[in-house]
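Q: Please take a close look at one loop residue in this model and the part of the fold around it. Go through the helices, rings and core there, and keep it plain.

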Amino acid sequence: LADGTTVKLNSNSRLVYPDLFTDSIRKVYLEGEAFFEVERDVDRPFIIETAGAITEVLGTSFNVKAYEADPATEVSVVSGSVKVKNDFGNERVLAPYEQGIVKLNTEEILTSQFNVKQVIGWKDGILLFEKVPFEEVVRKLENWYGVEVEIEPELSLKGVYSGEFRNETLEQVLEGLAYSYEFKFKLNDKNVYVY
């Protein structure tokens with residue numbers, strides 16, 4: 001960006017920003033997921049607006065995940081500190097390796113530690129699932145590859161799924177999951193049918 005900040009957008013994401021920031025503030029709007037390395041400027045805070053949350057920093061590196069279909073905004077700090085505010089005026093300051101979860105339409109901001117590879121691995125081409133339900137696998141595949149996944153209604157894919165994929169194509173990821181969890185799939189352009 002114009003101030004020297006670097007932003008890496010995940011797939012199916014959109015960042016709205018001005019050509020030049022003002023003298024008092026650096027504000028952007030995010031839909032989706034992005035990793036920020038904010039250039040330090042104590043006179044001009046850097047603000048990221050997402051649905052239901054405002055993230056404010058002076059200079060740090062962190063990840064923000066706020067896809068439209070997600071019920072919360074997740075802010076995960078790698079270095080420095082980040083202030084997260086919700087629509088109710090509540091705020092929390094997050095330290096390195098701390099994650100803030102701002103659920104839409106709730107007053108509380110939850111905090112916890114996080115697995116860096118699981119949360120931020122996407123920026124290095126790592127797609128990681130660690131004991132997640134199939135619904136989360138589908139949501140991540142749809143965002144990562146920009147596809148729509150349809151599951152045969154009679155198919156029961158209960159339980160949890162794990163796997164790590166590095167710079168793999170959608171077909172390679174589906175083949176790995178299908179072999180391990182015993183389902184079949186058809187891939188047609190931007191549509192995946194699981195049966």
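A: Leu-157 is buried, with a relative accessible area of 11%; buried means under 20% relative accessible area, exposed over 50% and partly exposed in between, with a 1.4 Å probe and protein chains only. This is a predicted model, in which local features need pLDDT of at least 70 and side-chain atom pairs count only at pLDDT 80 or more, while totals for chains, interfaces and linings use all residues. Residues are numbered from 1 along each chain as its sequence is written, and side-chain values use heavy atoms, with hydrogens and water left out.

Leu-157 belongs to the loop between strand S13 (148–151) and strand S14. Helices (H or I, at least four residues) and strands (E, at least two) are DSSP runs, numbered from the N terminus. Leaving aside residues up to four places away in sequence, Leu-157 touches Phe-134, Ile-151, Phe-183 and Val-194, where contact means heavy atoms within 4.5 Å. From Thr-50, Leu-157 is 107 residues away in sequence and 32 Å away in space, C-alpha to C-alpha.

One of those contacts, Phe-134, is among the buried residues of helix H2, together with Val-137, Val-138, Leu-141, Asn-143, Trp-144 and Tyr-145. H2 (134–145) has 12 residues and reaches 16 Å from its first C-alpha to its last, close to the 16 Å expected at 1.5 Å a residue; the expected span is 1.5 Å times one less than the number of residues. The buried residues of H2 pack against S12, S13, S14 and H3. Just after H2 comes Gly-146, with a positive phi of about 65°.

Within H2, Trp-144 and Tyr-145 are both buried. Elsewhere in this part, Phe-129 and Phe-165 make an aromatic pair that is edge-to-face, with 6.4 Å from centre to centre and 70° between the planes. Rings of Phe, Tyr and Trp (its six-membered ring) pair if their centres lie within 6.5 Å, and planes under 30 degrees apart count as stacked, over 60 as edge-to-face and the rest as tilted. Phe-129 lies in strand S12 (residues 126–133) and Phe-165 in strand S14 (residues 160–166), so this pair ties together parts that are 36 residues apart in sequence. Phe-129 and Phe-165 are buried too. The rings of Trp-144 and Tyr-145 have centres 6.3 Å apart and planes at 50°, so that pair is tilted. A search of the whole structure finds 10 aromatic pairs.

Helix H3 (residues 170–181) also has 12 residues, which should span 16 Å at 1.5 Å a residue; its end C-alpha atoms are 16 Å apart, which agrees. Leu-170, Val-173, Leu-174, Leu-177 and Ala-178 are the buried residues of H3. They cover an arc of only 130° around the axis, which puts them on the same side of H3; the arc is that of the directions from the helix axis to the C-beta atoms. In an α-helix there are 3.6 residues a turn, so residues three or four places apart point the same way. The buried residues of H3 pack against S12, H2, S14, strand S15 (185–188) and strand S16 (191–194). After H3 comes Glu-182, whose phi is positive, near 55°.

These elements meet again in the core. The largest nonpolar core has 28 residues, and those with the most contacts inside it are Leu-127, Phe-129, Val-137, Leu-141, Tyr-145, Leu-177 and Val-192. A nonpolar core is a set of buried Ala, Val, Leu, Ile, Met, Phe, Trp, Tyr and Cys residues joined through side-chain atoms within 4.5 Å. Helix H1 (116–120), S12, H2, S14, H3 and S16 each supply at least two residues of this core. H2 gives the most, with six residues. Val-137 of H2 touches Phe-129, Val-132, Tyr-161 and Leu-177, again without residues up to four places away in sequence. Apart from this core lies another, of 20 residues, among them Phe-36, Val-38, Ile-48 and Val-57.

One further ring has a charge over it: the charged end of Lys-186 sits over the ring of Tyr-195, 5.6 Å from its centre. A charge sits over a ring if NZ of Lys or CZ of Arg is within 6 Å of the ring centre and within 35 degrees of the ring normal.
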